[in-house]
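Here are a few exercises to work through with the model open beside you. Try each task on your own before you read the solution.

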Amino acid sequence: MRRVLQSMRDGIGFDTMLVILTLSYLLVFAGLPLIYNVVISFQTVDVFSLGTLMHPSAGVENYVDIFEDRQAETVLRNTIIFTLGSVALQFTLGFALALFFHQNFTGATWIRGLFLAGWVMPGLVVGVLWNWLLSGDFGVVNYVLDGLGLIDEPVFWRSNPETSLYSVLIANVWYGTPFNMILLAVGLSQIPEDLYEAAELDGANAFQRFWTITLPMMRATIGAVIALGTIFTLQQFDLFAAITQGGPAGSSTVAQYWSWELSFREFDFGRGAVISVLMIIVVLIVSLIYVRSTKAETQL
Amino acid sequence: MTKQIELIGIQKHYGGFHALKDIDLTIPQGQFVALVGPSGCGKSTLLRSIAGLERITSGEMRIAGVDVRDLPPRKRDLAMVFQSYALYPHMSVRDNLTYALRLKGVSKAERAKAADKVAGIIGLENLLDRKPRELSGGQRQRVAMGRAIIREPKAFLFDEPLSNLDAALRVRMRKEVRGLHERIGATSVYVTHDQIEAMTMADHVVVLQAGRIEQQGPPMELYDKPANRFVAGFIGSPAMNFVDGVVGEDGRSVTLSMPGTPVVRVATQTAPGRAVTVGLRPEHLIVGPPDADGAIQARIGAVEPTGSTTYLFTEGAPELLITTEGTARHRAGDAIGLTIAPQRVHLFDPQRGSALAP
Ligand SMILES: Nc1ncnc2c1ncn2[C@@H]1O[C@H](COP(=O)(O)OP(=O)(O)OP(=O)(O)O)[C@@H](O)[C@H]1O
Ligand SMILES: [Mg+2]
């Protein structure tokens, strides 16, 4: 017993224990549900059989059903538009803001801090906020667009099938931009100032310095920000729930929302799980890219 | 000779802090100038002002005859070697060397040729494909040098480029940098806090203190005729001994305020009875027998042999440092007599510190 305690204290025993703890945590709370989710996607699960651990096998029927569903095409297109659009805009805006605040004018840190306020708000609150902003008759967005002469009559953002997806997209961009900005700002601040000075003496103008110093030095950060942004956007649920509920007529339904609808509205857990499995595959691919990009060495 | 860099009445303020005070400096084409001074005296600030990385508050600045006050660094056509080297970590050595050429739109083939040539000069032929992190400190230093010389700029600016190297390599690089300068014949401004580096490398040494030029001139002129007590103490190693004294009746000798009130003869004619600060270089004091005529009587307090030179410290206040060639025959406690040639005695005004002209 004493030997065990001693090895706990100063041997590899303690390290091993920490590793085992972490691994078992991951296994129980992340690994098992993940595996169970995959298992369910090959089974027929309804409200009545939900309570039991194992269910009748469905083979690949759930998968076939999903791909043959007439909603599938819309959902796929929506998901792609929503994810790519959100990530691209969040990243661009976040980078622009990070560069802007990197100029270190008076109050830069302060104002940058304020941006984080938006990010710490719960998604549902942000959703409600944008409901007001986007509302057709008294929304601020319409008011501004009208004032600028860009629209003649109010746009009913949320109830128009043409714009419903974009109303959530706009809210999501607003929601995710501060996060992008902060990570990119950290990346920017890690580039030594003397590199820019050396480049300037070598004859590089501002654009060339950005292109040949900033961007390549930021590779790892950019990879991380885009990967995390993609994953967070694929997880975005609250905004859909608060703003459009996937409607009207499914026009703003994305994969994650559809999965929830199938599982908890139609109580077809098998098909709900199929979408989760497909999304896990996408996230895995993105994560791989992320891991590879963090390996990119830019340290001296 | 044409004036390559011309600074007239340069002032630089950082907010309320006056960093450069009235700097006048003219550097002819092809000259190697060292800016030397203690830490925080404004050497880097002056160099960076020339480079355009800092904006001067007022004054005139011309490079190759062109007023550059409002030119950004990239239009001044100067090359700088940073103390940190500032190599681009994401580029290979070859790309680091040719970065400036790439910006100028030089073709890839020509860039490769230029890189090979420069690599030959600085001895980096085998390292062209490495990244900076795969190089030793000395090799990085060479890349930084190579990056500067590949461009044939109007002038080279060095900010303590050797201070991160070990002592032996520093001595070797000193010669190499100077050799490169001679080979290329370009104008160089070299910042260092090491006066030996300044003395051995430069044609012209500028001593700065607290943002002001204390004295400038050829190295030996600064050594032989320091304009003031600061320069006298800063140039020369080990530093000059300073002793208070009073000029004698004849105006050609000084009574030192130290035990025994010794009298030394001086070459400078000054007002009798005047208080002065006497400067005696350690290498100019000659150790003799204690009873020698007109010698400063002293007793050795400590002996520090270094092999080639031996440092002797006298007992009592003020302590005098003497350097002697070779290994010493002296021991602590020995009584000695010190003599010095009259023309080697420096006199300074005790208040203002300025040298009293010989
Ligand atoms: N950006 C700045 N803002 C305010 N003061 C500054 C700034 N840069 C330098 N200084 C001040 O100007 C003075 C000169 O600085 P500088 O860097 O030129 O010194 P230096 O002679 O190069 O010293 P060192 O040998 O330590 O490098 C210092 O007192 C420093 O505190
Ligand atoms: Mg400095």
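**Exercise 1. Find the polar contacts of ligand 1 with Gly40(B), Ser44(B) and Tyr14(B) in this predicted model.**

*Solution.*
Step 1. Start at the backbone of Gly40(B): one of its polar atoms is 2.8 Å from an oxygen atom of ligand 1.
Step 2. Move on to the side chain of Ser44(B), where an N or O atom sits 2.6 Å from an oxygen atom of the ligand.
Step 3. Now look for a nitrogen atom of ligand 1; a polar side-chain atom of Tyr14(B) is 3.3 Å away from that nitrogen.
Step 4. Check these distances against the cut-off: a polar contact needs N or O atoms within 3.5 Å.
Step 5. To finish, consider cover: on its own ligand 1 has 630 Å² of accessible area, and the protein covers 59% of that.

**Exercise 2. Describe the shell around ligand 1: which residues form it, and which helix gives the most to it?**

*Solution.*
Step 1. List the neighbours. Tyr14(B), Phe17(B), Ser39(B), Gly40(B), Cys41(B), Gly42(B), Lys43(B), Ser44(B), Thr45(B) and Glu160(B) surround the ligand.
Step 2. Sort them by class, which yields 3 nonpolar, 5 polar and 2 charged residues.
Step 3. Assign the helix: the top contributor is α1 of chain B (residues 43-51), with 3 residues in the shell.

**Exercise 3. Work out how α3(B) and α4(B) are oriented to each other.**

*Solution.*
Step 1. Locate the pair in chain B: α3 spans residues 108-122 and α4 spans residues 137-149.
Step 2. Read off the geometry. The two helices pack at an angle of about 130 degrees, and their axes are 10 Å apart.
Step 3. Angles over 145 degrees count as roughly antiparallel and 65 to 115 as roughly perpendicular, so α3(B) and α4(B) are oblique to each other.
Step 4. Add the handedness: α3(B) crosses α4(B) in a right-handed way.

**Exercise 4. Look for unusual backbone geometry: where are Pro238(B), Pro318(B) and Glu152(B) found?**

*Solution.*
Step 1. Recall the background: most peptide bonds are trans, and most residues other than glycine have a negative phi.
Step 2. Inspect Ser237(B) and Pro238(B), which are joined by a cis peptide bond with omega of about -5 degrees. Pro238(B) belongs to the loop between α8 (229-234) and β11 (241-247).
Step 3. Go on to Ala317(B) and Pro318(B): their peptide bond is cis, with omega near -10 degrees. Pro318(B) is in the loop between β17 (309-314) and β18 (321-325).
Step 4. Turn to Glu152(B), whose phi is positive, near 50 degrees. Glu152(B) lies in the loop between α4 and β7 (155-159).

Note on methods. Residues are numbered from 1 along each chain as its sequence is written. Chains are lettered from A and ligands numbered from 1 in the order in which they are written. This is a predicted model: local features need pLDDT of at least 70, side-chain atom pairs count only at pLDDT 80 or more; totals for chains, interfaces and linings use all residues. Side-chain values use heavy atoms; hydrogens and water are left out. A residue is near a molecule or strand if one of its heavy atoms lies within 4 Å of it. A polar contact is a pair of N or O atoms within 3.5 Å; within protein, one must be able to donate a hydrogen and the other to accept it, and residues adjacent in sequence count only if both atoms are side-chain atoms. Accessible areas come from the Shrake-Rupley method with a 1.4 Å probe; for residues, only the protein chains shown count as cover. Helices (H or I, at least four residues) and strands (E, at least two) are DSSP runs, numbered from the N terminus. Ala, Val, Leu, Ile, Met, Phe, Trp, Tyr, Cys and Pro count as nonpolar, Asp, Glu, Lys and Arg as charged, and the others, Gly among them, as polar. Axes are lines fitted to C-alpha atoms, for helices over the stretch in contact, and angles run from 0 to 180 degrees between N-to-C directions. Angles under 35 degrees count as roughly parallel, over 145 as roughly antiparallel, 65 to 115 as roughly perpendicular and the rest as oblique. A crossing is left-handed if the near helix is turned anticlockwise from the far one by less than a right angle, and right-handed if clockwise.
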